[in-house]
Amino acid sequence: MLIRGKVATTIKVAIVALISALLLTLTQSAFAKKEYVIAAFLAIAIFAINFTYFSKRTVPLKFFLPGILLLSAFVITPILYTVVMSTYNYKTGNYIGKEEAIGRIKALALEPDENNSAFDIVVGKFQESEAILVSDIENKAYFISTSERRFELLSDQVELDENFVAQRVNGFTPLDASEIASSKAATVRYFYNKQYFITVENLNVGAVFRQSLEYLPDQDIFKSLINDSIYRDNGNGNYVNPDDKSDFLEPGWRDPAWFTNYVRLVSDERVRDPLISVFIWTVVFATLTVLTQFSFGLLLALALNKPIRGRRIYRSILVLPYAMPSVMSILIWGGMFNTEFGAVNEILGSDIAWFQDPTFARFAVILVNLWLGFPYFYLVSSGSLQAIPSELLEAAAIDGANPRQVFSKVTLPLLLQILSPLLIASFAFNFNNFNLIYLLTGGGPREQLDGEIAGSTDILISYTYQIAFGSNLQDLGLASAISVLIFFLVASISLYGVRKSKVLESFT
Amino acid sequence: MTKWFRENLWRHITGTVMCLFALFPLYLVLLSAFNESGSLQVTSFLPREISFANFDVLFNDERIPYLTWMKNSLIISGFVAVASVVIGAASAFAFSRLKFQGKKFGIQLLLLIQMFPAILALSALYVIMERVYKFAPGLGIGTQMGLVLVYLGGAMGVNIWLLKGFVDSIPAELDEAAKIDGASAMQTYWQIFVPLAAPVLAVVSLLSFIGTFNEFILARLFLIEVESRTVAVGLQQFIGGQYSENWGPFAAGSIIASIPIVIIFLSLQKYIISGLTAGSVKG
């Protein structure tokens, strides 16, 4: 059965060579695009693969290298990167690197002339270089301008259309839209006069500007060419005018901010207050979810713990919510809670705007999660009920305990002990139950006041998503800091759960 | 009679009420899938007529490439299910059976990593894959290949951890005997471990299939083009747009999409529940 000897070696060499070649190509192109970290990672991966599969001393590595490479690339690196991002001022307006930001500031630092002049133009080529044919209709002046200089034309030299816009002139070749897009013609600054130049605004219009800012690399400042103001690196990802702190240049860049994002979690009330209320709701939501799912599941398990008629039918119907893909179920429930067209309002005969009112929205979230999760606790509780030795229950009954006492004094405590790791795991899972919140309510209802983006049903993870991707101001630095915080919370809950189950194992 | 009443009536009432609660949304979806009016409403509890108009929209409307979405979902989930178990099983075997330096540290790290929900690293993943896109447009953000790689990475932690548990339960005497007979680690793995663990590997890979099929947020972030979406993202975007009027086709679509998952789940029920009691929760 097994392929042995030379054939196996040949196949191995071929596969390793193929993968190495593939990764090498990727490394090269990553290097060419200056993604040095990724290039280095790929290079190390190539080295590790070849070393592992051609050396005789790396037996364990042969088994887990593919797993380790995937884990490090797509789990460990993103985690570490999250930690790094959390120490950066990394948000909309401060998204790019500093060099790129300087380039953009220079490109954006344009000052129109006093008349805001704009001309009809035709983009094309003149004497082998990019050029525009400009029609200054008001002054009946026409000229061709390249990046270096301009060539005045007489009106009888040019071919005009009905609006007196010059379309053609000898020696000038117009370019069509796709040729312009594929060349640099649209980004060239065309000569206007000593101070001013013309930029291409769209295919037919050029506007007159001059450079308003100058970058002085040796001092790392921007200097205004119009007045004497200067802009300094404020150490927080922006060039700011020292005389007027509200006067800063855009865009900024992502800059190390060390613990600023973490400090903001505690000290900036616009961050802290929503965070605290979201945190409280997260805990309430996860607790209520586990409580309701568990109590309904347990109630069912108790009810169906006896071989009554139709038990199998009950059981096969009851697992259905759990067997459905949860994404679909959540979306379906979302439709059912629709105010005008939803079945819930129709049956209740009510007119409730479920997702516009905080209390109703929260109730809906818990109810839907109950539907999604009670079958799970029904299944595990009925399993555990059977694991409780019947002698214990009989002994309690003989000692004179009534059924209620047997349940509350014997069954329930034992069950809680058996199921506590699962209850904790479920709590940890629901603590981060992003899909439910995002797909059902989207975190809302939210009040759009003062940039406030925390919604009434937002849990920490959906709030973090909202900060990173949802609003107008995307703050990846702050979102990362909250992510790290959530990780510590969830990890400690889960570790507690693991320890509990360990303790349990040692007893049984 | 009264005794039966006292003993069993509450059991049937509880069972029936909860069954109704469980069935209600499902019945409603079924009703609207075969009804032309196209909203999640109770027009009547029994269908007056059975119409296939919604299925017709689903399969023939050019704005909804439903079959493509379904195909995408099945291919992506299927590939991840197989590849993640092939790779994960080898790692699990090494962690469970082989001796090497740093093993204890590795296991602890693994435990920690598999607790870190992928969503927390979402922004980092996004930024990284955005950079990958710059030099390898076939692998970065916006591509199914990139999404599959991210899924594979994410599946590693859980799968290795889950499979390690199963490997641990295979008696060590078996591979010790093989070792005495002169088998190398590779031979032990292929000839003893893989045949023994085959059913377990199948179960874990089907679980992985369900998990990937159900994954929403990474797919939402990665797959921008309509044609490349998975069925979960496609359907969500589809009803996100205009409200009430798309519910009919949506109901039809979600029924078809749910069928494979429900079948897999019901046939694996026994394993899934024992796996769940081992402490993992279905996503």
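What percentage of the 283 residues in chain B is buried? Buried residues make up 47% of them. Keep in mind as you look around that this is a predicted model.

Let's stay with chain B for a moment. Chain B is built from eleven helices and has zero strands, so to speak a plain run of α-α-α-α-α-α-α-α-α-α-α when you read along the sequence. Take the contacts in chain B between residues at least 6 apart in sequence: 71% of these join residues at least 24 apart.

Both chains are divided into domains, and here is how they are split up:

| Chain | Domain | Residues |
|---|---|---|
| Chain A | domain 1 | 5-85 |
| Chain A | domain 2 | 110-211 |
| Chain A | domain 3 | 264-507 |
| Chain B | domain 1 | 2-55 |
| Chain B | domain 2 | 65-241 |

How far apart do the C-alpha centres of domain 1 and domain 2 of chain B lie? They lie 37 Å apart. Over in chain A, the C-alpha centres of domain 1 and domain 3 are separated by 40 Å.

Now for the place where the chains meet. Chain A puts 85 residues into the contact, and chain B puts in 80 residues. On the chain A side, the largest share comes from helix 3 (residues 59-85), with 18 residues. Sort that side of chain A by class and you get 64 nonpolar, 17 polar and four charged residues.

Next, have a look at the nonpolar cores. The largest one has 178 residues, and the residues with the most contacts inside it are Val368(A), Phe93(B) and Leu147(B). Helix 6 (residues 144-169) of chain B gives the most to this core, namely 15 residues. What does Leu147(B) touch, leaving out residues up to four places away in sequence? Its partners are Ile76(B), Leu218(B), Ala219(B), Phe222(B) and Leu223(B). Apart from the largest core lies another one, of 22 residues, and among them are Phe119(A), Ile121(A), Val188(A) and Tyr190(A).

Finally, try tracing helix 14 of chain A, which runs over residues 403-431. A straight helix with its 29 residues would reach 42 Å at 1.5 Å a residue, but the end C-alpha atoms here are only 35 Å apart. Where does helix 14 of chain A bend? Look at Leu419(A): the bend there is about 55°, and a proline, Pro421(A), follows within four residues.

Notes
Residues numbered from 1 in each chain as written. Chains lettered and ligands numbered in written order. Predicted model: local features only at pLDDT ≥ 70, side-chain atom pairs only at ≥ 80, totals over all residues. Helix = DSSP H or I, 4+ residues; strand = E, 2+ residues; numbered from the N terminus. Expected span 1.5 Å × (residues − 1). Bend = angle between axes of the 7 residues up to and from the residue. Contact = placed C-beta atoms within 7 Å. Nonpolar A, V, L, I, M, F, W, Y, C, P; charged D, E, K, R; others polar. Domains from an automatic or database assignment. Core = buried A, V, L, I, M, F, W, Y, C linked by C-beta atoms within 7 Å. Buried ≥ 20, exposed ≤ 12 C-beta atoms within 10 Å, placed from the backbone.
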